[in-house]
Amino acid sequence: MKALYNKLLFSLYPTTAKSRNNIKVVSSIRNIMSASNQSHGFNTPRLVTKKVLATPQYEGDGAVVRRGIGRSELKFLDPFLMLDDFSVTPPAGFPDHPHRGFETVTYMLQGGITHQDFAGHKGTIHAGDVQWMTAGRGIIHSEMPAGEGTQKGLQLWINLSSEDKMIEPRYQELLSDDIQRAEKDGAEVRVVAGESMGVRSQVYTRTPTMFLDFTLKPRAQVHQTIPESWNAFVYVIEGEGAFGLRNSSQAAAHHVLVLGSGDGLSVWNRSSKPLRFVLIAGQPINEPVVQHGPFVMNTQAEIEQTIEDYHYCKNGFEMARYWRSQ
């Protein structure tokens with residue numbers, strides 16, 4: 001059978017100098033097909049369709065962020081509005097500022113951030129903790145470093161549907177020890193939202209969302225299912241890995257990898273150092289998005305109304321009239 005296959009192959013692509021490239025193409029196609037067939041139970045493995053380097057920029061009051069989503073190369077990935085990898089050293093920070101129409105997820109990687117808002121909510125989250133804030137109809141708050149040295153973390157903005165944009169604000173905060181985790185064959189996951197390796201987060205996601213923090217030891221691999229209708233991306237925190245295909249080029253730290261359609265993602269750490277990344281996915285809202293800084297609504301008229309509400313301290317911003325963070 002093998003001899004017959006080779007005979008057929010060489011009859012289609014005879015071994016002349018001109019046609020040797022064709023043989024290489026066929027061989028490459030076979031290799032790619034072989035790699036892509038390593039789907040580990042996925043009907044359609046997700047592959048990387050776009051790669052964006054999050055470069056540093058200044059935000060707030062002297063804080064440095066690497067913005068992966070919400071920049072010219074990747075303005076929006078429904079339902080995700082922004083992803084910042086932030087680094088804050090006192091006296092820099094994010095002083096009093098408003099939000100309306102979406103959720104913010106702050107996940108600390110190093111140090112701590114102290115948060116306080118005009119409704120009297122105040123607290124500090126440290127490395128490994130998460131704050132899931134639903135701004136809804138309006139919040140004014142501050143986010144400032146909780147100690148000396150550099151504080152680092154990720155902040156994700158998740159859009160809300162039109163029917164949820166004007167709900168009352170709420171918080172969900174989990175300490176590091178309260179975040180579910182699992183480990184298998186050198187791959188560890190912290191389940192901030194969603195489910196992985198048989199464990200599920202207790203966080204309620206008004207916009208259905210998956211937020212998984214993976215660490216892979218050298219030579220480890222992981223295979224994670226993702227709802228087919230959801231949009232998904234990876235952000236590499238440290239190390240480098242192959243995403244989607246075992247033989248794909250390595251993606252290094254500070255890159256956002258937008259994933260194509262499919263029902264799961266495979267990741268391989270072919271290096272001699274640990275690989276850490278977050279896998280984030282969410283159900284698209286499929287509604288118009290009109291954004292003006294920290295306000296995200298569906299129409300320009302709603303944005304203008306929001307600016308008026310904020311300016312005149314009404315319709316959710318009433319407590320802003322006299323409040324200042326301490």
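A residue counts as exposed when its relative accessible area is over 50%, and as buried when that area is under 20%. Keep those two cut-offs in mind as you walk through this predicted model.

**Stop 1: the whole chain**

Start by showing the chain as a cartoon. You should find 3 helices and 26 strands. Of the 326 residues, 48% count as buried. Now switch on the surface: the accessible area comes to about 15,700 Å², and 51% of it belongs to carbon and sulfur atoms. Contacts often link distant parts of the sequence: among those between residues at least 6 apart, 69% join residues at least 24 apart.

**Stop 2: an open sheet that starts with β2**

Select β2, β3, β4, β11, β6, β9 and β12. These 7 strands, in that order, make an open sheet with antiparallel pairing. Look at β2 (56-59) and β12 (170-174): each has a single partner strand, so one side of each is left without a neighbour in the sheet. Neighbouring strands here are turned by 25 degrees against each other on average, direction ignored.

Zoom in on β3 (residues 63-69) and β4 (residues 80-88), an antiparallel pair joined by 5 bridges. Which residue of β4 is the bridge partner of V64? Pick S87, and you have found the partner.

**Stop 3: two cis peptide bonds**

Stay with β3 and β4, and select P79 in the loop between them. The peptide bond from D78 to P79 is cis, with omega near 10 degrees. Next, move to P91, in the loop between β4 and β5. P90 and P91 are also joined by a cis peptide bond, and omega is about 5 degrees there. Most peptide bonds are trans.

**Stop 4: R100 and S142**

Select R100, in the loop between β5 (94-99) and β6 (102-110). Is R100 buried or exposed? Its relative accessible area is 1%, so R100 is buried. Show the side chain and follow it to the backbone oxygen of N315, which it reaches at 2.6 Å.

Then select S142, in strand β10 (residues 139-145). S142 is buried as well, with a relative accessible area of 2%. Leaving out residues up to four places away in sequence, S142 touches a group that includes F94, P95, D96 and H97. W323 and S325 are also among its contacts. To try the distance tool, pick the C-alpha atoms of S142 and K122: they are 9.6 Å apart in space, while the residues are 20 apart in sequence.

**Stop 5: a second open sheet**

Now select β1, β22, β19, β24, β17, β14 and β13. In this order the 7 strands form an open sheet, again with antiparallel pairing. At its edges are β1 (48-53) and β13 (180-184), each of which pairs on one side only. From one strand to the next, the twist averages 20 degrees.

Inside this sheet, look at β19 and β24, which run antiparallel and are joined by 7 bridges. Label F233, then find I280 standing opposite in β24.

**Stop 6: the nonpolar cores**

Keep F233 selected and add L156, F211, Y235 and V256. These are the residues with the most contacts inside the largest nonpolar core, which has 27 residues. Elements that give two or more residues to this core include β4, β6, β11 (151-159), β19 (231-238) and β24 (275-282). Center on F211: beyond its neighbours within four places in sequence, its contacts include V105, Y107, L156 and I280. A second, separate core of 26 residues includes M210, V236, A251 and L259.

**Stop 7: around β20**

Select β20 (residues 240-243) and β21 (residues 251-252), which pair in the antiparallel sense over 2 bridges. E240 has A252 as its bridge partner in β21. β20 also pairs with β23 (residues 264-268), again antiparallel and over 2 bridges. Here A242 is matched with W268.

**Stop 8: two positive phi values**

Most residues other than glycine have a negative phi. Finish with N286, in the loop between β24 and β25 (290-292), whose phi is near 60 degrees. At 66% relative accessibility, over the 50% cut-off, N286 counts as exposed. Then go to C313, in the segment after α3 (300-311). Its phi is also positive, about 55 degrees. With 14% relative accessibility, C313 counts as buried.

Definitions and conventions:
Residues numbered from 1 in each chain as written. Predicted model: local features only at pLDDT ≥ 70, side-chain atom pairs only at ≥ 80, totals over all residues. Heavy atoms only, no water. Pairing = 2+ DSSP bridges. Helix = DSSP H or I, 4+ residues; strand = E, 2+ residues; numbered from the N terminus. Axes fitted to C-alpha atoms, helices over the stretch in contact; angles between N-to-C directions. Buried < 20%, exposed > 50% of the residue type's maximum accessible area, 1.4 Å probe, protein only. Polar contact = N/O pair within 3.5 Å; in protein donor to acceptor, adjacent residues only side chain to side chain. Contact = heavy atoms within 4.5 Å. Core = buried A, V, L, I, M, F, W, Y, C linked by side-chain atoms within 4.5 Å. Areas by Shrake-Rupley, 256 points an atom, 1.4 Å probe, with all protein chains shown as cover.
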